[in-house]
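The following exercises are to be worked with the sequence and the coordinates at hand. Each task is followed by a solution in steps.

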Amino acid sequence: MSVYVKFCRVVILMRDVEVTEIGGRIKNLRKINHYTREELAEIAGISPKFLYEIESGRKGFSAETLVKISMSLSVSCDYIMFGENGTKRIEELIDILLQFDNGQIGRLKSIIEAIRELSQM
């Protein structure tokens, strides 16, 4: 965790629309990863109630919480905050991944890891 996050515990202040959009992205990513709210909350080190409030746009959160959630979901903080990662590829991948169940996702990860290894040779 960066020094900035450790020492900067400024609450992120956002308009209601932004908070709702951010919460929606977190909820969507949680579902793509096939996590229950309780599972993601445990991984991120926050309470399920607080995660619910974030996902529903009822509460903002600290930079430290943003980092914990983004690391738990394996996405950048930028994507959670702004919905961008330089391209629309993330959204396209989300649409594709939503078509698979848990077992299929595990097999897809193995296939993607094998392709990545082959491409690095």
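**Exercise 1. A loop residue**

In which loop is the place of Ser74? Determine also its backbone phi and its exposure.

*Solution.* The model is a predicted one.

Step 1. Ser74 is found in the loop between α5 and α6 (77-82).

Step 2. The phi of Ser74 is near 60 degrees, which is a positive value in a residue other than glycine.

Step 3. The relative accessible area of Ser74 is 66%. Since exposed means over 50%, Ser74 is exposed.

Step 4. A second case for comparison is His34, which is not a glycine and has a positive phi of about 55 degrees. His34 is placed in the loop between α2 (16-32) and α3. With 29% relative accessibility, His34 counts as partly exposed.

Step 5. A glycine may be added: Gly57, just after α4, takes a positive phi of about 80 degrees.

**Exercise 2. Overall composition and confidence**

Establish the secondary-structure content of the protein and state where confidence is lowest and where it is highest.

*Solution.*

Step 1. The protein has eight helices and zero strands.

Step 2. Of its 121 residues, 31% count as buried. Among contacts between residues at least 6 apart in sequence, 58% join residues at least 24 apart.

Step 3. The mean pLDDT is 80, and 79% of the residues reach 70 or more.

Step 4. Confidence is lowest in helix α1 (residues 3-7), with a mean of 38, and highest in α3, at 97.

Step 5. Over residues 1-14 the pLDDT stays under 50, and for this stretch the model has 22 contacts beyond four places in sequence.

**Exercise 3. Salt bridges**

How many salt bridges does a search of the whole structure find? Describe three of them, with the location and the burial of the residues concerned.

*Solution.*

Step 1. The search of the whole structure finds five salt bridges. The principle is that side chains of opposite charge can pair when their charged atoms come close.

Step 2. One of them joins the side chains of Glu55 and Arg37, at 2.9 Å from N to O. Glu55 belongs to helix α4 (residues 48-55) and Arg37 to helix α3 (residues 37-44), so this pair ties together parts that are 18 residues apart in sequence. Glu55 has 6% relative accessibility and counts as buried. Arg30 enters as well: Arg30, Arg37 and Glu55 are linked in a network of salt bridges.

Step 3. Another joins the side chains of Lys49 and Glu53, at 3.9 Å from N to O. Both residues lie in helix α4, four residues apart, about one turn of the helix. Lys49 counts as exposed, at 58% relative accessibility, whereas Glu53 counts as buried, at 15%.

Step 4. A further one joins the side chains of Glu64 and Lys68, at 3.8 Å from N to O. These residues are four apart in helix α5 (residues 63-73), and therefore separated by about one helical turn. Glu64 is buried, with a relative accessible area of 14%, while Lys68 counts as partly exposed at 26%.

**Exercise 4. The packing of α3 and α4**

Characterise the relative orientation of α3 and α4, and the residues through which they meet.

*Solution.*

Step 1. The axes of the two helices come within 8 Å and cross at roughly 105 degrees.

Step 2. Angles of 65 to 115 degrees count as roughly perpendicular, and α3 and α4 are therefore roughly perpendicular to each other.

Step 3. On the side of α3, the contact is made by Arg37, Glu38, Leu40 and Ala41; on the side of α4, by Pro48, Leu51, Tyr52 and Glu55.

Step 4. By class, the residues of this contact comprise five nonpolar, no polar and three charged.

Step 5. For α4, the buried residues include Leu51, Glu53, Ile54 and Glu55.

**Exercise 5. The burial of α5**

Why may α5 be called largely enclosed by the rest of the structure?

*Solution.*

Step 1. The buried residues of α5 are Ala63, Glu64, Thr65, Leu66, Val67, Ile69, Ser70, Ser72 and Leu73.

Step 2. Nine of the 11 residues of α5 are thus buried, so the helix is largely enclosed by the rest of the structure.

Step 3. Beyond its end, α5 is followed by Ser74, with a positive phi near 60 degrees.

Terms used: Residues are numbered from 1 along each chain as its sequence is written. Side-chain values use heavy atoms; hydrogens and water are left out. A salt bridge is a side-chain nitrogen of Lys or Arg within 4 Å of a carboxyl oxygen of Asp or Glu. Buried means under 20% relative accessible area, exposed over 50%, partly exposed in between (1.4 Å probe, protein chains only). Axes are lines fitted to C-alpha atoms, for helices over the stretch in contact, and angles run from 0 to 180 degrees between N-to-C directions. Angles under 35 degrees count as roughly parallel, over 145 as roughly antiparallel, 65 to 115 as roughly perpendicular and the rest as oblique. Contact means heavy atoms within 4.5 Å. Ala, Val, Leu, Ile, Met, Phe, Trp, Tyr, Cys and Pro count as nonpolar, Asp, Glu, Lys and Arg as charged, and the others, Gly among them, as polar. pLDDT is the predictor's confidence in each residue, from 0 to 100.
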